[in-house]
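Please work through the exercises below with the sequence and the model open beside you. Each task is followed by a solution that goes step by step.

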Amino acid sequence: MAIEPGKHILSASEQYARMRILLPDFRAVMRKHTLIAEGDVRPTPLSAVYQVRLAYRGCTPPKVWVLSPTLVPREEGGKIPHMYDQERLCLYLPSTGQWSGEMVLAKVTVPWIALWLYHYEVWHAVGEWLGGGVEPDPKPPFTREKQGGHHDRRRRK
Amino acid sequence: MPNIVTASANKQFDDILERLCIKLQITPTQFTTARDNYEAVGGWLGQDDSPIAIYSPHIYPQGSLRLGTTVKPLGQEEFDLDAVCQLDIAESVDPGTVFEMIWDRMYANKRYRDMIVRKRRCIRIDYARNFHLDVVPAIPHCERGGTCILVPDLPDPELEDWKPSNPLGYAEWFEKQVVTINKFAEARIDPLKDPEPLHRKPTLKRSVQLFKRWRDIRFKATPRLLPPSIILTTLAGHLYEGERWSTDALATILTKIVKATRGRRLQLYNPVNDQELISERWEDEPDSYDAFRDAVREFQERWLDLIHSTGVPAITKELQELFGEPVVRAFREAVEQVEQARAAGRLYVTKGTRTLTEVAGPATFTVPRNTFYGD
């Protein structure tokens with residue numbers, strides 16, 4: 001993702017302002033320096049409508065939950081791929097610059113959510129995750145990364 | 001704007017069904033094999049030294065291969081191709097004699113001798129690899145003229161008769177029904193519209209393929225009651241209203257069949273030959289008619305529920321129950337196309353409903369490159 005010169009890491013309230021303009025039907029609020037945005041995503045015309053929530057504090061990467069319908073594994077006790085703790089969506093590979101703080105949530109994170117939900121439905125339909133990705137070795141616990149700019153070298157796990 | 005959602009949902013549905021139909025029909029290899037075999041038989045029958053050459057034999061395919069509505073058989077069943085062998089002979093000659101002339105010519109060839117079987121109305125040639133070719137003897141039906149023919153009906157040697165038929169006229173009729181009337185074309189604003197035209201096989205032909213495939217699965221356990229393809233094809237041709245999507249086309253066709261079978265038993269004549277009762281089996285075996293009527297009623301209910309439902313996993317499951325395993329392969333193929341667009345940076349999301357699309361516009365965001373991760 002190319003970063004235009006002069007761009008800076010966007011604060012939560014700057015993301016809030018962009019969210020209001022770009023996705024006006026999302027319900028966006030600022031709560032103690034944290035942007036909370038909720039809205040609907042329908043990954044394809046035949047798909048269910050999913051209600052999702054984004055939380056963004058400016059200093060850490062955005063967090064994304066699906067509020068409804070509840071995400072479910074394919075069989076009881078099974079795991080949904082590409083999630084953190086089976087609670088939040090893992091939308092990109094950390095420390096690769098796929099996400100950085102100069103990027104706009106509405107234009108980057110929200111399209112990824114649509115893509116993730118698309119593959120989640122496909123996974124249920126055909127039994128295989130066809131959207132690619134990396135499933136890391138579960139042994140080393142995920143290191144919480146600091147929000148950084150594009151040129152900021154982040155710690156690798 | 002619910003109409004836009006409906007239009008694009010239909011489009012997405014139709015895309016899956018189109019991919020499914022390509023998987024259901026006979027493969028190009030099977031097609032080539034069938035055509036080679038058919039041409040070889042035609043060559044043998046029409047060769048200069050053939051005793052029937054003086055009757056100017058004219059060999060032409062009829063049925064699903066001619067119409068473009070082939071469906072691969074389920075499991076081990078054979079797929080068949082029908083060819084007419086028309087001889088220029090007056091109808092004063094009895095049907096058994098014409099049948100025997102063609103039989104004798106086939107028998108004279110060592111290759112065919114062990115492959116041919118006598119059937120009530122044709123000579124069946126059994127090939128390896130689950131394929132057989134039915135050669136239907138025929139003579140011109142002078143009284144009716146045009147493409148009308150008479151074919152022998154030989155239930156037993158005492159009861160032989162000529163039966164009127166018109167496969168070429170039927171094919172012409174069917175092609176006329178195929179023409180799509182774009183009655184909703186102007187009202188459509190479709191955010192998922194493909195940049196290139198995707199539709200090659202006309203909607204009616206695809207609807208017939210789906211109808212036949214459903215029939216094969218639905219009557220798998222009761223083959224005796226299986227409704228013949230000619231009946232399904234003729235009903236579909238009559239009842240199609242020019243819908244653009246096969247979702248809608250099949251809904252119309254099924255709903256109208258349900259209505260038409262509410263009263264007394266349906267009688268279906270060949271649209272180009274009113275002397276040919278193509279539903280004659282229903283007269284002889286009323287239980288096969290009842291089975292057809294009940295099965296179509298159930299299919300219509302399920303189809304209407306399906307095309308108005310949402311949720312890709314549920315839709316895939318129901319499609320699979322109706323049409324079998326190729327549904328998943330068709331679905332995966334559609335996903336591959338989306339993934340290719342994604343890799344090429346040509347996948348977008350609409351701002352309004354956050355829906356994936358391959359068509360960029362002022363109201364779309366590009367899906368940026370990403371790698372899904374996990375814990």
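The exercises that follow concern a predicted model, and they go from the contact between two chains to single residues in loops.

**Exercise 1.** Determine how many residues of chain A are in contact with chain B, and which element of chain A gives the most to that side.

*Solution.* Begin with the count, taking two residues to be in contact if their C-beta atoms lie within 7 Å: 44 residues of chain A are in contact with 33 residues of chain B. Next, look for the elements that each supply at least two residues of this side of chain A, and you find β2 (34–41), β5 (83–84) and α2 (105–126). Of the elements on this side, α2(A) gives the most, with 14 residues. Finally, sort the residues of the side of chain A that touches chain B by type, which yields 30 nonpolar, eight polar and six charged.

**Exercise 2.** Describe how α7(B) and α9(B) pack, and state the hand of their crossing.

*Solution.* Helix α7 of chain B covers residues 203–218 and helix α9 of chain B covers residues 246–260; the two pack at an angle of about 65°, and their axes are 9 Å apart. The crossing of α7(B) and α9(B) is right-handed. On the α7(B) side the contact includes Leu204(B), Leu210(B) and Phe211(B), while on the α9(B) side the residues met include Ala249(B), Leu250(B) and Ile253(B). Sorted by type, the residues of this contact divide into six nonpolar, three polar and one charged.

**Exercise 3.** Work out in which direction β1(A) and β2(A) run relative to each other, and what phi Lys32(A) takes in their hairpin.

*Solution.* Strand β1 of chain A, residues 27–31, is joined to β2(A) by five bridges, and the two strands run antiparallel. One of the pairings is that of Arg27(A), whose bridge partner in β2(A) is Glu38(A). The hairpin has two residues between the strands, and within this hairpin Lys32(A) takes a positive phi near 50°.

**Exercise 4.** Decide whether Asp85(A) and Ser95(A) are exposed or partly exposed, and locate the cis peptide bond next to Pro69(A).

*Solution.* Asp85(A), in the loop between β5 and β6 (88–89) of chain A, has a positive phi of about 55° although it is not a glycine. Because Asp85(A) has 7 C-beta neighbours inside 10 Å, it counts as exposed. Ser95(A), in the loop between β6 and α2 of chain A, likewise has a positive phi, near 65°; with 16 C-beta neighbours inside 10 Å, Ser95(A) counts as partly exposed. Lastly, the cis peptide bond joins Ser68(A) and Pro69(A), with omega about -15°, and Pro69(A) is found in the loop between β4 (63–68) and β5 of chain A.

Definitions and conventions: Residues numbered from 1 in each chain as written. Chains lettered and ligands numbered in written order. Predicted model: local features only at pLDDT ≥ 70, side-chain atom pairs only at ≥ 80, totals over all residues. Helix = DSSP H or I, 4+ residues; strand = E, 2+ residues; numbered from the N terminus. Nonpolar A, V, L, I, M, F, W, Y, C, P; charged D, E, K, R; others polar. Axes fitted to C-alpha atoms, helices over the stretch in contact; angles between N-to-C directions. Left-handed = near helix turned anticlockwise from the far one by under 90°. Pairing = 2+ DSSP bridges. Buried ≥ 20, exposed ≤ 12 C-beta atoms within 10 Å, placed from the backbone.
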